Amino acid sequence: MLVPREDFYCAAQRGCPCAPPSPFAVRSRAAVGPRQLPEGSLQLTLYQYKTCPFCSKVRAFLDYHGLPYEIVEVNPIMRKEIKFSSYRKVPILLANAGSPLQLNDSSVIISAIKTYLISKRKSLEEIVSFYPPMKTVTERGKETLEYGNKYWLMLDETETKRVYPVKEVRVEEMKWRKWADDWLVHLISPNVYRTPREALASFDYIVREGKFGTVEGFFAKYMGAVAMFFISKRLKKRHHLQDNVREDLYEAVNEWVKAVGKHRLFMGGSQPNLADLAVYGVLRVMEGLEAFDDMMVNTKIQPWYQRMEEVVQKTEFAI
């Protein structure tokens, strides 16, 4: 239920909001998608803001595949928890499959770990090298870091045919993963901060779930709500949204439902693929907010969303 600034799309100041400070081990009990690795062979720690759509995407992926992981909630203002990293955004995934590695960017994390689950011949370190960081400059003149190949799984021909029986299946999955990052995620902030009342409700959740001190939380709730209400108007203009931003949200999710079609449970067929998990992860951050309820009532997303909830079941328990 969240989102702030455009880069990380998570609330409170420069990133997204957050959840409890202490780490949590999360073990999936999904009925589908059994764990593909022996327990303990891949140690994962996710640094996140709980209400960040990009972090939610990664959690949905890990939960669906039954991979245990620890969560470290990051304070979105001080970000002391990730002071070890020169990369200052979340999510960050620390993965140890024999040697420790830091994976950045939600789509890189998902593609790299999925490749590792499928391809037993490649080390995780080798797989991560296929997603090189590249410095780019945005249209506003800001230098940023992008990652090459981030929607590709690095598989050989045999593995590719097993996962993607026909080329169109892979093309479709990549197209909609990119759509979730490039379009759907940009609809979240303008919708959850659409009015002062909705902005305050969003930040009330952010502060309750986030890693804030008492005084810090008080100021984050009220000042953050005011700031994000006005920032959401700038985002609305930047992304050329309609006066009623709900209409853009409705059109987007109905476009997704149409792409899934009437004869498939998921875009992946009988089971979710990476596009299903990405879209679900993004939309899930609005749960409990007015924008989410409106979306459920005014679009055709509910049956697909409920199916996704059923297969991405998880149980959290403190270490």
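Helix α8 bends by about 30° at Gly224. The model is a predicted one, and this helix is a good place to enter it. α8 covers residues 214-238, 25 residues in total. From first C-alpha to last it reaches 34 Å, close to the 36 Å expected at 1.5 Å a residue. The residue at the bend, Gly224, is among the buried residues of α8. Others on that list include Gly217, Ala220, Lys221, Ala225 and Met228. Further along come Phe229, Ser232, Leu235 and Lys236. An α-helix has 3.6 residues a turn, so residues three or four places apart point the same way. What do the buried residues of α8 pack against? They meet α6 (188-192), α7 (196-209) and α9 (245-260). Just after the helix, His240 takes a positive phi of about 55°.

Now step back to α7. At 1.5 Å a residue its 14 residues should span 20 Å, and the end C-alpha atoms are indeed 20 Å apart. The buried residues here are Glu198, Ala199, Ser202, Phe203, Tyr205, Ile206, Val207 and Glu209. They pack against α6, α8, α9 and α11. Both α7 and α8 thus have α6 and α9 among their packing partners.

Glu198 leads on to the charges. Side chains of opposite charge can pair when their charged atoms come close. The structure holds 13 salt bridges. In one of them, Arg194 pairs with Glu198, with the closest N and O atoms 2.8 Å apart. Are these two residues buried or exposed? Arg194 counts as partly exposed because its relative accessibility is 22%. Glu198 counts as buried, at 4%. Another salt bridge joins Arg246 to Asp294, and here the closest N and O atoms are 3.0 Å apart. Arg246 lies in helix α9 and Asp294 in helix α11, so this pair ties together parts that are 48 residues apart in sequence. Arg246 is buried, at 2% relative accessibility. Asp294, at 21%, counts as partly exposed. Salt bridges with shared partners join Arg194, Arg197, Glu198, Arg246, Glu290 and Asp294 into one network.

Helix α11 (residues 290-298) also carries Met296. This methionine counts as buried because its relative accessibility is 14%. Which residues does Met296 contact, leaving aside neighbours within four places in sequence? The contacts are Ile301, Gln302 and Tyr305. Tyr250 is 46 residues from Met296 along the chain, and their C-alpha atoms are separated by 9.2 Å.

A further salt bridge takes us to another part of the chain. Lys57 pairs with Asp181, the closest N and O atoms being 2.6 Å apart. Lys57 sits in helix α1 (residues 53-64) and Asp181 in helix α5 (residues 167-182). The pair links distant parts of the chain, 124 residues apart. Both Lys57 and Asp181 are buried.

Lys57 also touches Ile110, a residue of helix α2 (residues 106-118). Ile110 has a relative accessible area of 5%, so it is buried. Beyond residues up to four places away in sequence, Ile110 touches Val58, Phe61, Arg177 and Leu274 as well as Lys57. The C-alpha atoms of Ile110 and Lys150 are separated by 8.7 Å, with their positions 40 residues apart along the chain.

Next, the cysteines. How many disulfides does a search of the whole structure find? The count is zero. Cys55 shows the point. The closest cysteine sulfur to its own is in Cys52, at 3.5 Å, which is too far for a bond. A disulfide would need the sulfur atoms within 2.5 Å. Cys55 is buried, at 0% relative accessibility.

The last stop is a hairpin. Strands β4 (residues 92-96) and β5 (residues 100-104) run antiparallel and are joined by five bridges. One of the partnerships sets Leu93 opposite Leu103 of β5. Three residues lie between the strands of this hairpin, and Gly98 takes a positive phi near 125° there.

Technical notes: Residues are numbered from 1 along each chain as its sequence is written. This is a predicted model: local features need pLDDT of at least 70, side-chain atom pairs count only at pLDDT 80 or more; totals for chains, interfaces and linings use all residues. Side-chain values use heavy atoms; hydrogens and water are left out. Helices (H or I, at least four residues) and strands (E, at least two) are DSSP runs, numbered from the N terminus. The expected span of a helix is 1.5 Å times one less than its number of residues. The bend at a residue is the angle between axes fitted to the seven residues ending there and the seven starting there. Buried means under 20% relative accessible area, exposed over 50%, partly exposed in between (1.4 Å probe, protein chains only). Contact means heavy atoms within 4.5 Å. A salt bridge is a side-chain nitrogen of Lys or Arg within 4 Å of a carboxyl oxygen of Asp or Glu. Two strands pair if DSSP finds at least two bridges between them.
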